[in-house]
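Colleague: Before I use this file, I would like to go through the chain contact and the nonpolar core with you.

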Amino acid sequence: MTTLSKPMKKFSPLAQAAMDYYQSQAKQLMQAEGEGHAVTAFRQAALNRFLEQGFPTRKDEDWQFTPLSNFLKTHYAFNGVSRIDEAAIAAVKPKVDGWHLVFVDGYFSEILSDDLAGMPSGVSLESGKDALDFEQGFRVFADHETDIEQDAFGMLNAMLFDDGLFIELAAHVRLAKPIVVSYVQTLASHANTTRCKIKLGRGAQLQLIEQYVAIDAGCGFENSVCEIDLAEQAKMSQVIWQNLPEQGMFFNNQFIDLAEQAQFNTHYIGLGSAISRHQNHVQMAGERIESEQNSICFARNQQIMDTRTYTGHSVEWGASRQLHKLVLADQAIGVFNGMIKVDQKAQKTDGMMDNKNLLLSNKAQMNAKPQLEIYADDVKCSHGSASGQISADQIFYLQARGLTKQQARQLVTLAFLMEPLESVADHAVRDWLQQALSAAVTPYLN
Amino acid sequence: MQTTQYEEINDILAKNQHYKEGFHTQTLVETFAKGLNEDVVKAISAKKNEPQWMLDFRLKAFRHWQTMPEPHWAKAEYEPIDYQDYSYYSAPECGSCATDGQAESGSAVDPEVAKAFAALGVPIDDSDANIAVDAIFDSVSVSTTKRDQLEKLGIIFCSFSEAVQDHPELVQRYLGSVVPYHDNFFAALNSAVASDGTFVFIPEGVRCPIDLSTYFRINEAKTGQFERTILIAEKGSYISYIEGCSAPIRDTYQLHAAVVEVIVHEDAEVKYSTVQNWYPGDEDCQGGILNFVTKRGVCEGRNAKLSWTQAETGSAITWKYPSCILKGDNSIGEFYSVALTNRRQQADTGTKMIHIGKNTRSTIISKGLSAGKSDNTYRGLVKILPGAEGARNFTQCDSMLIGNQCGAHTFPYIEVQNPTAQVEHEATTSRIGEDQLFYCQQRGISEQDAISMIVNGFCKEVFKELPLEFAQEAEELLAISLEGSVG
């Protein structure tokens with residue numbers, strides 16, 4: 001009873017069936033890529049690991065509140081013919097002036113994307129599919145493979161990614177307009193597996209907006225992995241807008257490496273999907289790095305929304321800021337999990353993690369776990385988490401000024417949700433986000 | 001520049017050549033051979049002359065324990081424990097007669113054991129001390145004082161073994177009701193081989209006039225202590241209970257796996273204070289006590305109140321989460337903790353507050369101090385169940401790092417299933433600043449006094465919850481620990 005040898009894992013029939021299915025899909029993909037392709041060995045290694053580990057269950061601490069049974073029931077298809085309706089796709093693009101790129105059902109569409117000829121020199125942009133055509137092309141996306149494959153969805157991604165995006169900015173290149181990527185789903189029960197790599201040279205600056213949406217029948221399984229690599233003094237701000245239909249599945253893992261004096265700012269806005277899980281892994285391995293991570297989540301009905309961060313400070317003078325706000329209505333379940341880890345060498349670290357949650361119904365549930373792991377003594381680290389309902393005083397105050405109860409509740413809830421947007425520096429982007437958020441959320445507030 | 005400052009502090013910390021409770025008592029003892037199997041469980045039960053139901057409980061727990069894996073999720077690194085390498089029963093020969101013939105318990109105490117407790121400052125004779133003491137030496141309770149005085153009020157204060165004999169109906173009703181035998185690995189082990197412990201019963205409406213206290217002493221080498229404490233506060237009663245502990249210096253790890261069950265009925269209040277000062281081991285914490293404790297209380301009725309206060313300075317490894325199940329409406333749970341780790345000590349401690357009833361309130365104040373190369377972790381759960389209308393929780397976890405080779409960690413779990421609940425959690429990390437020390441020294445306060453003053457200020461919120469003499473003891477203990485003589 002004291003032996004520590006791990007017994008063979010046993011999987012539920014549901015999980016086993018899903019594992020068998022994804023294995024067969026990976027095998028098909030490897031066959032299509034042709035024998036002897038360098039990527040085959042890479043995919044096979046991920047597959048072997050996946051077959052050993054399987055899908056997490058609620059017994060895994062990191063998945064305690066994120067049950068996957070609904071995800072496992074559907075076997076998401078990897079082929080299908082997209083229904084491209086240009087007008088509809090144009091309509092869902094964010095109303096932001098930028099370089100627009102479009103993915104349809106997990107594949108890059110050159111026709112629907114803007115002509116990139118006008119981009120300044122020093123910007124390279126390539127689709128993942130093109131990169132994969134090269135013998136060793138997949139390697140640009142695999143810098144964090146050990147970390148990526150800690151997670152079942154990371155393994156699935158390694159086994160099955162077939163497209164994505166590679167963006168590289170040479171030193172000191174600055175784009176005047178944001179790059180706006182729309183991942184559009186048009187097929188039901190379709191799996192979209194993408195992998196991205198964003199690489200900023202010294203002092204380069206990029207603003208990236210990513211949007212996950214669907215048109216009519218779309219309610220697929222989005223599984224993305226993104227590697228972001230900022231050199232010294234590079235600066236990047238990122239917005240991820242996730243508003244998939246209520247039956248969708250969304251899993252996104254980001255691995256962010258920051259070098260000296262880099263600045264990174266990310267906002268995740270989660271509104272859709274039956275199960276959504278967004279995770280940042282930030283490594284601050286240089287002096288005077290500033291990072292900022294924010295979440296805005298609004299979940300209703302039976303949605304499960306999971307947002308998590310890992311922030312590693314390994315060198316002196318790093319500053320990290322986090323604000324995660326969740327509003328939960330109906331029977332929704334919210335999960336926040338954050339970890340700030342400060343290494344012994346990371347003196348003078350200034351880390352702050354804040355999580356605030358608003359529960360709008362008796363059946364909603366919030367599970368928060370803000371964590372600190374500190375090995376350096378001269379640091380300023382704090383975290384806070386608070387959950388509660390709308391204060392009756394606030395509503396009374398607004399009603400006293402002539403608002404109806406419903407208006408008052410809407411106003412308070414929206415104001416609560418929008419706070420993290422204040423740190424979006426670009427006014428045009430912030431305005432778009434505020435309007436879009438208000439339009440998306442207001443119908444469900446009463 | 002920083003290193004030099006810490007060299008000084010660490011020098012002071014390193015002058016830790018003696019753990020003053022580290023002496024060893026030589027007396028005739030009866031110790032079971034090492035090893036654990038069903039026969040040992042039966043032998044322990046037979047030794048204590050236990051009724052069949054108690055033996056059945058032990059065997060059920062033992063069989064379940066054998067199927068469980070040893071938990072390693074805590075932030076503490078240790079080799080898997082060889083449970084066959086411990087002895088599961090040890091008693092001073094004379095002490096065992098004390099439990100049989102309790103009438104003359106005072107005189108029957110082994111003089112060596114009596115000396116040991118005298119040296120520890122534990123009043124085991126019915127002296128004028130304004131406190132009633134149950135003294136436990138290895139596996140048995142050797143003396144319980146002030147029993148007659150308490151009996152007049154209807155209070156039962158005796159060793160667990162006696163309670164099994166004299167109050168079987170109460171023990172049967174409450175044993176395992178808060179911490180079931182299958183609850184966790186160490187609780188199952190404890191249920192199987194429970195040595196002794198304290199049994200307290202406060203009848204309806206009685207306010208216990210004096211503090212009740214238990215002092216645990218592990219003496220024999222390579223023995224485990226598995227005490228089981230049950231505390232029942234009937235409707236409208238009040239009790240303040242204190243426990244303390246220590247062990248001699250040994251070069252092998254000793255095991256301590258206790259279970260404490262507290263039942264608080266309507267309008268009753270229980271204050272449970274612990275000063276834990278088990279032997280922490282040598283420089284590298286080799287040979288210290290492995291302290292795996294399950295403490296849990298349930299606020300059964302309306303307006304019940306349970307308050308845990310702990311000062312943790314000892315043990316090589318601490319794994320302890322005193323918890324409150326707030327079942328009754330308006331019930332209150334409190335947790336005040338100071339945990340200090342030095343050298344290579346590892347403490348993973350915190351609390352669980354489970355809010356079930358309406359308008360239940362809980363407060364958690366946790367102060368963690370890490371020095372040397374130690375790791376100090378707060379791990380806590382606040383859970384608000386759907387029925388807990390208007391529940392309220394406030395949590396504050398402050399960590400202080402002394403030196404740059406230690407770690408301070410905070411792992412809070414917050415689960416809210418009711419929107420009317422208000423849950424707040426805050427955590428901060430700080431250190432003793434060079435400037436603070438300089439300021440004090442400039443005014444003629446020695447560096448050591450300055451450290452101890454700053455630390456005491458940091459811990460004040462918790463110490464004010466301890467009974468007076470105890471708070472003093474805890475403060476002294478902290479000062480000594482920081483000097484390094486205890487750890």
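Modeller: This is a predicted model, and the questions below take the contact, then the core.

Colleague: How many residues does the contact take from chain A and from chain B?

Modeller: Two residues are counted as in contact if their C-beta atoms lie within 7 Å. On that basis the contact takes 33 residues from chain A and 36 residues from chain B.

Colleague: Which element gives the most to the side of chain A that touches chain B?

Modeller: Two strands of chain A, β18 (365-374) and β19 (380-388), each supply at least two residues of that side. By class, the side has 15 nonpolar, 14 polar and four charged residues. With ten residues, the element that gives the most is β18(A).

Colleague: Which residue of β25(B) stands opposite S387(A)?

Modeller: β19(A) pairs with strand β25 (residues 422-431) of chain B in the antiparallel sense, over six bridges. In β25(B), the residue opposite S387(A) is V423(B).

Colleague: Which helix of chain A gives the most to the largest nonpolar core?

Modeller: The largest nonpolar core has 241 residues, and those touching the most other members are M159(A), L230(A), L328(A), V200(B), V264(B) and V270(B). Seven residues come from the helix that gives the most, α7 (residues 152-160) of chain A.

Colleague: Which domains of chain A does this core draw at least three residues from?

Modeller: In soluble globular proteins, nonpolar side chains tend to be buried together. Here the core draws at least three residues from each of two chain A domains: domain 1 (17-284) and domain 2 (390-446).

Colleague: Which residues does M159(A) touch, not counting those up to four places away in sequence?

Modeller: M159(A) is among the core residues that touch the most other members. Leaving out residues up to four places away in sequence, M159(A) touches Y22(A), A26(A), R43(A), A46(A), L47(A) and F50(A).

Terms used. Residues are numbered from 1 along each chain as its sequence is written. Chains are lettered from A and ligands numbered from 1 in the order in which they are written. This is a predicted model: local features need pLDDT of at least 70, side-chain atom pairs count only at pLDDT 80 or more; totals for chains, interfaces and linings use all residues. Helices (H or I, at least four residues) and strands (E, at least two) are DSSP runs, numbered from the N terminus. Ala, Val, Leu, Ile, Met, Phe, Trp, Tyr, Cys and Pro count as nonpolar, Asp, Glu, Lys and Arg as charged, and the others, Gly among them, as polar. Two strands pair if DSSP finds at least two bridges between them. A nonpolar core is a set of buried Ala, Val, Leu, Ile, Met, Phe, Trp, Tyr and Cys residues joined through C-beta atoms within 7 Å. A residue is buried if 20 or more other C-beta atoms lie within 10 Å of its own, exposed if 12 or fewer, and partly exposed in between; C-beta atoms are placed from the backbone. Domain bounds come from an automatic or database domain assignment.
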